[in-house]
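Biologist: I should like to go through this structure with you, step by step. Please show it first.

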Amino acid sequence: MSFKGIVRELREMRDGIGSISKRGIEGHWRNRTRSHIAPDVASSEFIDQGQWANLPPELLLNIIRRVEESQTSWPARTVVVYCASVCKSWRDITKEIVKTPEECGRLTFPFSLKQPGPRDTPIQCYIRRDRATSTHRLYFGLTPSEDESDKLLLVAKKIRKATSTEFALSLVPDDFSRASSTYVGKLRSNFLGTKFTIYDSQVPSDVVIQASNSRASQRFHKKQVSPRLPACSYSIATVSYELNVLRTRGPRRMNCVMNSIPIASIQEGGKAPTPKSFPYSFDDNHSLLHPVNAKDSSVLRSASSLSGPVCVDPLMLKNKAPRWHEQLQCWCLNFKGRVTVASVKNFQLVASVDSSHNVSVAEQDKVILQFGKIGKDIFTMDYRYPLSAYQAFAICLSSFDTKPACE
């Protein structure tokens with residue numbers, strides 16, 4: 001069979017996923033791929049793997065590698081997700097072949113949104129704000145396309161409370177419940193809107209995270225989940241804005257403390273924490289069942305019971321200081337054409353380090369995250385290593401909240 005024939009059959013998925021009908025597969029993926037990156041379905045979901053599981057490993061490796069190399073952009077990259085959905089053997093090989101965003105600069109699976117971006121070229125996205133529904137949608141792409149076929153990555157819903165504001169983040173635009181498998185985390189502000197805390201729904205890789213077991217931060221109702229899974233959120237970062245009541249200090253000044261990323265990650269030879277998968281298994285409706293194995297369960301329990309410092313020396317970010325333009329009579333930053341409309345929300349973040357950290361000057365000047373306005377309710381977001389798409393999006397969301405004490 002030719003390579004084109006294999007790709008065509010993968011798209012049709014006639015008998016690829018056990019006893020699931022072709023009609024059911026097409027309906028499932030038509031709805032899911034247009035809205036979010038396909039959920040990380042556990043291998044235990046498919047008991048009957050079907051005839052596709054009997055391919056020789058060498059042939060299967062070659063097929064999936066060629067598919068992955070040929071389908072580099074969305075929506076064509078959906079075929080790679082199809083490969084991971086066929087059966088256990090296909091899934092294992094696909095996850096082995098597909099590289100992290102840091103290595104290839106591409107987003108494929110849901111956990112790619114929790115992995116650091118590339119070191120050299122930033123991943124370019126844009127955010128669309130919907131004032132009517134109080135939602136913000138993160139899309140993969142330079143600017144909005146005319147046919148609205150851009151890849152939806154994350155959705156945030158703004159929830160106003162008496163003493164704070166929260167943004168619930170999900171993989172889909174219609175389910176922000178913390179009991180859902182599509183829920184990924186939240187952003188919470190203080191009363192004045194000067195400090196924001198970013199929470200993750202899962203334990204970040206290789207880092208012990210401070211867990212919050214308060215009622216407000218519980219992710220699941222006790223009757224909805226296995227007792228092996230701790231119902232809590234993990235604080236991974238804080239975003240602070242300096243007070244500027246009378247606007248005497250110029251534009252906004254912000255600082256970020258990335259509790260889950262050590263400063264060593266931007267030093268020579270450093271490595272940022274990189275999760276390889278979501279630590280949960282899912283059923284047919286993508287509802288969370290339980291941790292994948294006993295090891296994951298014990299890690300979750302131990303992390304939820306710990307408190308105190310997260311990183312000995314966490315990475316700190318600060319906004320790049322703008323310069324005053326005499327002719328335009330305004331503050332300016334070089335966004336390299338990615339921002340076209342002046343706004344108080346526009347910013348660029350760089351590492352905040354001192355000489356003792358042994359970070360090169362080039363690394364200190366590198367813009368890790370930039371955010372800015374390009375039209376009515378349309379904003380660009382470009383991020384790179386060591387931030388992930390989820391972390392970058394959460395930081396940008398803090399810029400949307402009202403800050404009477406800072407401007």
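Biologist: Does Ser265 count as buried or exposed?

Modeller: This is a predicted model, and the answer rests on its computed relative accessibility. A residue counts as buried when its relative accessible area is under 20%. The value for Ser265 is 0%, so this residue counts as buried.

Biologist: Where along the chain is Ser265 placed?

Modeller: Two strands frame the position of Ser265: E9, covering 254-262, and E10, covering 280-282. Ser265 therefore belongs to neither strand, as its number falls after 262 and before 280. Its place is the loop between strand E9 and strand E10.

Biologist: Which backbone oxygen does the side chain of Ser265 reach?

Modeller: A polar contact requires N or O atoms within 3.5 Å. The side chain of Ser265 comes to 2.7 Å from such a partner. The partner is the backbone oxygen of Pro262.

Biologist: Which residues are in contact with Ser265, leaving aside its neighbours within four places in sequence?

Modeller: Contact here means heavy atoms within 4.5 Å. With those neighbours left aside, the residues in contact with Ser265 are Arg119, Gly270, Lys271, Ala272, Tyr385 and Pro386.

Biologist: What percentage of the residues of the chain count as buried?

Modeller: Ser265 is one of the buried residues, and Cys83, also at 0% relative accessibility, counts as buried. Cys104, by contrast, is partly exposed, with a relative accessible area of 22%. Of the 407 residues of the chain, the share that counts as buried is 52%.

Methods: Residues are numbered from 1 along each chain as its sequence is written. This is a predicted model: local features need pLDDT of at least 70, side-chain atom pairs count only at pLDDT 80 or more; totals for chains, interfaces and linings use all residues. Side-chain values use heavy atoms; hydrogens and water are left out. Helices (H or I, at least four residues) and strands (E, at least two) are DSSP runs, numbered from the N terminus. Buried means under 20% relative accessible area, exposed over 50%, partly exposed in between (1.4 Å probe, protein chains only). A polar contact is a pair of N or O atoms within 3.5 Å; within protein, one must be able to donate a hydrogen and the other to accept it, and residues adjacent in sequence count only if both atoms are side-chain atoms.
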